[in-house]
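Colleague: I have a predicted model open on my screen, and I would like a friendly close look at one part of it. Could you start from a single side chain and then show me what surrounds it?

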Amino acid sequence: MAKHLLITGLVQGVGYRASFARQAVDLGLRGWVRNLSDGSVEAEVDGDAAAVDAIINWSRQAPPAARVDNVAVEDTTTSHDAFRILLS
C-alpha cells in the first residue's frame with residue numbers, strides 16, 4: 001500500500017519531520033518526508049497496509065511539540081527502496 005500525506009499546522013521547527021522518519025523506519029516503511037515552503041510537511045510512504053495506517057494515525061497526533069491541524073491522505077502508486085528525509 002502506498003500513500004501521499006500532506007500535514008498542516010505547526011509542524012516545522014518542532015521535530016516533526018525527524019520524528020515522522022523515525023516512526024516510519026520503526027514501522028518498516030519506505031518513502032520520504034520533507035518540509036514545504038508553506039510550513040506544511042509532505043510525505044510518501046509505502047509498505048504493509050497496517051504499517052501505513054499506523055503512520056497515518058501517528059501523523060495526526062505526534063510529536064508533543066507539534067500541532068497538527070489536518071492530514072490529507074491520497075493513494076499513490078509510487079514505491080521506494082528505503083526511507084529518507086528530503087531537504088526542501
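Let's begin with Asp46: at 4% relative accessibility, does Asp46 count as buried or exposed?

Modeller: Asp46 counts as buried, because its relative accessibility is 4% and the cut-off for buried is under 20%. Keep in mind as we go that this is a predicted model.

Next, look for the partner of that side chain. Asp46 meets Arg30 in a salt bridge, at 2.6 Å from N to O. Arg30 belongs to strand 2 and Asp46 to strand 3, so this pair ties together parts that are 16 residues apart in sequence. The two partners differ in how they are covered: Asp46 is buried, while Arg30, at 30% relative accessibility, counts as partly exposed. As background, side chains of opposite charge can pair when their charged atoms come close.

The structure holds five salt bridges, and two others are worth a visit. One joins Asp75 and Lys3, whose closest N and O atoms are 2.2 Å apart. Asp75 sits in strand 4 and Lys3 in strand 1, so here the parts tied together are 72 residues apart in sequence. Asp75 is exposed, with a relative accessible area of 62%, whereas Lys3 is buried at 15%. The other is formed by the side chains of Asp81 and Arg84, with 3.1 Å between N and O. Asp81 counts as exposed at 63% relative accessibility, and Arg84 counts as partly exposed at 42%.

Now let's place those strands. They belong to an open sheet of five strands, in the order 4-1-3-2-5 and with mixed pairing. Strand 4 and strand 5 are the edge strands, each pairing on one side only. On average, neighbouring strands in this sheet are turned by 15° against each other, direction ignored. A useful reminder is that strands of a sheet pair through backbone hydrogen bonds, either parallel or antiparallel. Strand 1 and strand 4 pair in the antiparallel sense, over eight bridges. To find one of these on your screen, pick Gly9 and look for its bridge partner in strand 4, which is Val68.

Then bring in the helices. Helix 1 lies across strand 1, strand 2, strand 3, strand 4 and strand 5, and it runs at about 170° to strand 5. Helix 2 also packs on the sheet, where it touches strand 1, strand 3 and strand 4; its direction makes about 10° with that of strand 1.

Zoom in on helix 1, which covers residues 16–26. Its buried residues are Tyr16, Ser19, Phe20, Ala21 and Ala24. That spacing is easier to read with one rule in mind: an α-helix has 3.6 residues a turn, so residues three or four places apart point the same way. What covers these buried residues includes all five strands of the list, from strand 1 (2–10) and strand 2 (30–35) through strand 3 (41–46) and strand 4 (67–75) to strand 5 (83–85), along with helix 2 (49–59). Just after helix 1, Gly28 takes a positive phi of about 80°.

What do the nonpolar residues do here? The largest nonpolar core has 21 residues, and those touching the most other members are Leu5, Tyr16, Phe20, Val45 and Ile55. Strand 1, helix 1, strand 3 and helix 2 each give two or more residues to this core. Helix 2 gives the most, with five residues.

Phe20 is a good place to finish. Phe20 is buried, with a relative accessible area of 0%. Leaving aside neighbours within four places in sequence, Phe20 is in contact with Leu5, Val33, Ala43, Val45, Ile55, Trp58, Ser59 and Phe83. The whole structure has four aromatic pairs. In one of them, the ring centres of Phe20 and Phe83 are 6.2 Å apart and the planes are at 35°, so the pair is tilted. This pair links distant parts of the chain, with Phe20 in helix 1 and Phe83 in strand 5, 63 residues apart. Phe83 is buried too, with a relative accessible area of 14%. Finally, ring pairs link Tyr16, Phe20, Trp58 and Phe83 into a cluster.

Conventions: Residues numbered from 1 in each chain as written. Predicted model: local features only at pLDDT ≥ 70, side-chain atom pairs only at ≥ 80, totals over all residues. Heavy atoms only, no water. Buried < 20%, exposed > 50% of the residue type's maximum accessible area, 1.4 Å probe, protein only. Helix = DSSP H or I, 4+ residues; strand = E, 2+ residues; numbered from the N terminus. Contact = heavy atoms within 4.5 Å. Core = buried A, V, L, I, M, F, W, Y, C linked by side-chain atoms within 4.5 Å. Phe/Tyr/Trp six-rings, centres within 6.5 Å; stacked < 30°, edge-to-face > 60°. Salt bridge = Lys/Arg side-chain N within 4 Å of Asp/Glu carboxyl O. Pairing = 2+ DSSP bridges. Axes fitted to C-alpha atoms, helices over the stretch in contact; angles between N-to-C directions.
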